[in-house]
Amino acid sequence: MHRPLMWDFRQGRNQVTTGTPVCIIGAGPIGMTGALLLSRLGVRTLLVERRGELNTHPRSRFVDTNTMELMRELGLEKEVEDTGLGPDWTECNRWFDALTGTEYARIPCPTFHTVPRDTSPVMPVMTCQDYVEKVLLAKIRRDPNIDVRFHTVASGLRQDESGTRLRLRDARTDGDEEVAAEYAIGADGPGSSTRAAIDTELDAEPRPVNMQDVIFDADLSEYVRERKAPLLYANPGPRKMMVFQPLDGVRRWRCQMQVPEPRLISERAVSERIRAGLGAAAAVPLEINSMSLWQPTPGCTTRLSRGRIFLAGDAAHVAIPTGGMGNNTGFSGIRNLAWKLAYVLRGISPPAILETYEEEHRPLARQRIDAGVRIYEAMAVLMRAYMRGEDLAEAIEATRLYGNYDGLLMGCELRSGLLAVDDGDPPLVDHPVIDFAPVVRSGRRAPHLWLDDARKTSVLDAFGLDYTLLLGAGVDGGPWDDRVERLSAGGFPIKARALPRLGGDSHYSNDGVVLVRPDGVIADHWRDAEVPAGEKSARLSRLLPRAGS
C-alpha cells in the first residue's frame, strides 16, 4: 500500500502553515515539468514563482529529442511540436558577413533538424522557452495535484531530519506563510537562492564577453529569402558579431549581439546594429519588445543536493547557450530525480536512492557543459578566421559539432548503484559526440522500437511510471510474469511487456530480458538462458530499489 500524502493546514495569528510533500521553488520549464512528473507519479506539489507571469523574454530555443520524448510521456508532444519552426528552418546553421552579403559557412545541424528519425518516436523542435512554458502551465492549471502560485517569494529555506521549512511572501498582499515540505527542489535559475541552503555555489568560468539579447518584431523575409536557418550569424565588422534567431518563422526574432561594456546599448544603437547585420540599404521597420544583458558563464554547482533539498536546471548547472544544451540538461535532471523522489515519498524505495541523482546526473551535466564550451570556442575561431581572411576548412570542421551531437545526447551512459555494469565495451563509433549507436546496455536510454505497423506506439511509451521488464519473443514469459506479479502484489510498481518477434537487425534480441527504470534508462539486461529457474527471482530483484530489502 502507498503511504497517503496529505495537506495539513494550521492557522496561526498572522500566518498560515502549509504542509506539502514537495515544494518546488521556481516555475520555469524545469520546475513545471518536475511538478507534472511528480503528479503523474501520485505526488502533490506546491510550485512557487516570484514572477507574476511566465517568461516573456525567452532564453532557450531548442527542445532536443530526449526532452521531446519526455513531452510525449506527459501527453504534450503535439502541442510542443506545433509551436516550433518547420524543417525548412532547421537543416543547417549559416554564417555571413551580412545576411544579404557573403555566406562563408553553411554547416548541417542534424540534431536540430525537425524531421522524423529512426532512433526515436519524436522529432526535436526548434521553439521558444516561453511557448513551451505556456504549454506546461496550461496542463498544470488542469492538474489538481499541483498548487501553483505566482507573485510568491520564497526565503529562509532550511531542513532537519524530518523535512524542510521555508517562508513564502505574497508580493501583492505582503501575506506571510510558513511551508513545511518533506522535500524541496530549487529550480530557481542561474541566480538561485536555494544553493545557499545546501552550502554550494556555481563553480563557473565566466567568458570575457558581454552579450545583449534583443527580442523584436520585423518582417525580415526580404533579407532571409532562401537563406533560412535556426542560427544566422553575421559579422558586419570587428567586435560586432551577432546572431539572428527566428522565433516564430514569421515576424518574431531574437538577435544576440556582442557589446563593448557590461551595460545595455540604446534601442537606436540596437536598430543600427541590426540593420548592419542584415546588410540593409534602407531603414528596416522593427519594434523592440525587450532587451537583456548576459555573460557566458558555464559551470556546475559543487553539489546538486544535500539531505532533503535538491537543485535542478540552471540552479544546478549553467551551459553556454551555444548548442542549446542548457534547458535540455535540466529536463534530463528533473526526469532523473522525480521518479526517485516519488518512490521514496510513496514508501516504495529507501531514501538512499536519492543520492543517485547527483551520482548519475552531475557527470552528464558536466559532459554537456564542456561540449557547449567546445562548440562556442570553435564557432569563435571560425568567425575570427573569416575576419582575418584565413582558410576556413579546419575551422568549419571543428564547428560541425554545432547542432550535431546526437551521440552526446542519446548515447550517454549513467553509473550508480541502481544500474548494472556491463563487462564489454560500448559500441565503437567514429565520433562519440556526433555518432549515436542505439544499444541495449545498462545505464543507457532504452532504444526506441515501433510496436505496431502504423508506427504509433513505441516501446518507450511503456515507461514513465513503473519498472518495466521487456521480454523477447523467444523468452518463456510465464516464470518472469509470475515473479513480476508477486513484486507488484507486494507494492513494488513493476510490469512485464512482451516484445514482438524481431529481425536480426534489431537492438533487442528475441531471447533477451531487459529491465528498464521509470525514466527509460536500462537498469539491467540478460539472456533468458543465462538465468536458471531457481535464480530468476534473485536476478530480477537485485537492482530493484525496494524499501526494507
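Gly491, placed just after α11, has a positive phi of about 105 degrees, and the first exercise starts from that helix. The model is predicted, so local features need pLDDT of at least 70 and side-chain atom pairs count only at pLDDT 80 or more, whereas totals for chains, interfaces and linings use all residues. Residues are numbered from 1 along each chain as its sequence is written, and side-chain values use heavy atoms, with hydrogens and water left out.

**Exercise 1. Helix α11**

Task: Work out what span α11 should have, and which of its residues are buried and which are exposed.

Solution, step by step:

1. Helices (H or I, at least four residues) and strands (E, at least two) are DSSP runs, numbered from the N terminus. The expected span of a helix is 1.5 Å times one less than its number of residues. For α11, residues 477-489, the 13 residues should therefore span 18 Å, and the end C-alpha atoms are indeed 18 Å apart, which agrees.
2. Buried means under 20% relative accessible area, exposed over 50%, and partly exposed in between, with a 1.4 Å probe and protein chains only. By that rule the buried residues of α11 are Gly477, Trp480, Arg483, Val484 and Leu487.
3. Seen down the helix axis, these buried residues fall within an arc of 135 degrees, so they line one face of α11; the arc is that of the directions from the axis to the C-beta atoms. An α-helix has 3.6 residues a turn, so residues three or four places apart point the same way.
4. On the other side of α11, the exposed residues are Glu485, Arg486 and Ala489.
5. The cover over the buried residues, judged by contact (heavy atoms within 4.5 Å), includes β22 (467-471), β23 (494-498), β24 (512-516), β25 (522-527) and α12 (536-541).
6. At the start of α11, a side-chain oxygen of Asp476 comes to within 3.2 Å of the backbone nitrogen of Gly478.

**Exercise 2. Arg254**

Task: Decide whether Arg254 is buried or exposed, and find which residues its side chain meets in polar contacts.

Solution, step by step:

1. Locate Arg254 in strand β16, residues 252-259.
2. Its relative accessibility is 3%, and Arg254 therefore counts as buried.
3. A polar contact is a pair of N or O atoms within 3.5 Å; within protein, one must be able to donate a hydrogen and the other to accept it, and residues adjacent in sequence count only if both atoms are side-chain atoms. A polar atom of the Arg254 side chain lies 2.7 Å from the backbone oxygen of Pro58, and a polar contact of 2.6 Å joins the side chains of Arg254 and Gln245.
4. Leaving aside residues up to four places away in sequence, the residues that Arg254 touches include Arg59, Arg61, Asp213, Phe216 and Leu247.

**Exercise 3. Leu136 in α4**

Task: Describe where Leu136 sits and what it touches.

Solution, step by step:

1. Leu136 belongs to helix α4, whose 13 residues should span 18 Å and whose end C-alpha atoms are 18 Å apart, which agrees.
2. With a relative accessible area of 0%, Leu136 is buried; the buried residues of α4 also include Val132, Val135 and Ile140.
3. Leu136 and Thr33 are 103 residues apart in sequence, yet their C-alpha atoms are 7.1 Å apart in space.
4. Not counting residues up to four places away in sequence, Leu136 touches Pro29, Met32, Thr33, Leu36, Met71 and Leu76.

**Exercise 4. Internal and open spaces**

Task: State how many cavities of 30 Å³ or more the search finds, and then describe the second largest pocket.

Solution, step by step:

1. On a 1 Å grid over the protein atoms alone, a cavity is a set of points where a 1.4 Å probe fits but cannot get out, and a pocket is an open set with protein on both sides within 12 Å along at least five of seven lines; lining residues have an atom within 4 Å of a point. Grid points are joined across faces, edges and corners, and a volume is the space filled by probe spheres set on the points.
2. The whole structure holds three cavities of 30 Å³ or more, and the largest cavity has about 60 Å³ of space.
3. β4 (62-63), α4 (129-141) and α7 (326-345) each supply at least two residues of the lining of the largest cavity.
4. The second largest pocket has about 470 Å³ of space. Of the 30 residues that line this pocket, the closest to its centre are Asn66, Arg335, Arg445, Asp519 and Val521.
5. α2 gives the most to the lining of the second largest pocket, with six residues.
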